[in-house]
Amino acid sequence: MTDIRDLRADEGRSIGDLLSRAGFGPTVAGLVAFPRESPHGDVLVAERDGRAVGGVCCASFGRTGWIGALGVLPDARRRGAGEALTKAACGRLQERGAETVLLFATDMGRPLYERLGFEVEGSVTAWRGTAGTARADVAMRVVRDDDRPALRDLDRAATGEDRAPVLDALEPLSGLVAERAGAPAGWAVTSPWGAGVAVCAADETAGVALIAAATGGPGSSTIVVPDTNAAAADALSHWGFSPTSAGARMRLGPPVAWRPEMQFGLFNLFWG
């Protein structure tokens, strides 16, 4: 039997270690911070015979919700813990009002999600490298706190979701805004929840210019881009970025008005 429970207050460090050993690597602790600390997030733990063997994180955005960082220790796999965690996470998000549950699946996890009714609706690739220059008809400036409404509007247009809980948790706000005729045409912001920069833009000219400005060096950067965003993929390939990993975007429930051509960099493979 696998029991599912909420993460306890004193398990913040141990859940990061567990998920790291489950295959997410040493940086997963930063990813877990948002659902662990936010009133819009949940972290669930799978136990067997009193031993924690897996975990999963949830992020609630009203009518949509995301499952991320679902992992089971290698010696506890293929005994139902992954399925139990997925069902519990879906139930928790639906209790919070989600009509559609979203996630990014690895090749290993995809058969489980398909068995539970999830459908593939796209794919993303993580790229690593250093950007070159891009010509654009936009002006770049540092993002300001009073840009938050514009950031939320652009993000809602791109994702079809209300991700204000994530955007409002970025404190302090750090990054760039691309302006055209005095109005924001896109943004690039950093966060503690992933290796790369999140970039959202109303059009490909602004989006590629923001990628160039945000990942231009001196060192290499990681950026995660929907594969159907051809402008972003072409620019990254032209600059010599290399693909490092990939995932399938999957959905349980009705489609969301997602516009991947507006997403030039995801926060992470947790909530997009």
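Which residue stands opposite R251 in β12? It's L102, and the close-ups below, all taken from a predicted model, start right there.

**View 1. Strand β12 with its partners β5 and β6.** Strand β12 covers residues 242-252 and pairs with β5, residues 100-105, in the antiparallel sense. Five bridges hold that pairing, and L102 facing R251 is a handy spot to get your bearings. β12 also runs antiparallel to β6 (residues 119-129), this time over nine bridges. For that pairing, look for R128 across from S242. Strands like these pair through backbone hydrogen bonds.

**View 2. The five-stranded open sheet.** Follow the strands in the order β7-β8-β9-β10-β13; the pairing is antiparallel. β7 (139-142) and β13 sit at the edges, each with a partner on one side only. On average, neighbouring strands here are turned by 25° against each other, ignoring direction. Zoom in on β7 and β8 (residues 175-180) and you'll find four bridges joining the two, with A139 standing opposite E179.

**View 3. Helix α7 against the sheet and against α8.** α7 lies across β7, β8, β9, β10 and β13, and runs at about 150° to β8. The helix spans residues 204-214 and also packs on α8 (residues 230-238), at an angle of about 35° and with the axes 10 Å apart. The crossing is right-handed. On the α7 side, E204, V208 and I211 make the contact; α8 brings A231, A232, A235 and L236.

**View 4. W193 and W271, edge-to-face.** Searching the whole structure turns up nine aromatic pairs. In the one shown here, the ring centres of W193 and W271 are 5.4 Å apart and the planes meet at 75°, so the pair counts as edge-to-face. W193 sits in the loop between β9 (183-189) and β10 (198-201), while W271 is in the segment after β13 (263-265), so the pair ties together parts 78 residues apart in sequence. Are these two rings' residues buried or exposed? W193 is buried, at 5% relative accessible area, and W271 is buried too, at 0%. Pull back a little and you'll see the cluster these two belong to, which also takes in F34, W187, F267 and F270.

**View 5. R249 over W258.** Here a charge meets a ring: the charged end of R249 sits over the ring of W258, 3.8 Å from the ring centre.

Note on methods
Residues are numbered from 1 along each chain as its sequence is written. This is a predicted model: local features need pLDDT of at least 70, side-chain atom pairs count only at pLDDT 80 or more; totals for chains, interfaces and linings use all residues. Side-chain values use heavy atoms; hydrogens and water are left out. Two strands pair if DSSP finds at least two bridges between them. Rings of Phe, Tyr and Trp (its six-membered ring) pair if their centres lie within 6.5 Å; planes under 30 degrees apart count as stacked, over 60 as edge-to-face and the rest as tilted. Buried means under 20% relative accessible area, exposed over 50%, partly exposed in between (1.4 Å probe, protein chains only). A charge sits over a ring if NZ of Lys or CZ of Arg is within 6 Å of the ring centre and within 35 degrees of the ring normal. Axes are lines fitted to C-alpha atoms, for helices over the stretch in contact, and angles run from 0 to 180 degrees between N-to-C directions. A crossing is left-handed if the near helix is turned anticlockwise from the far one by less than a right angle, and right-handed if clockwise. Contact means heavy atoms within 4.5 Å.
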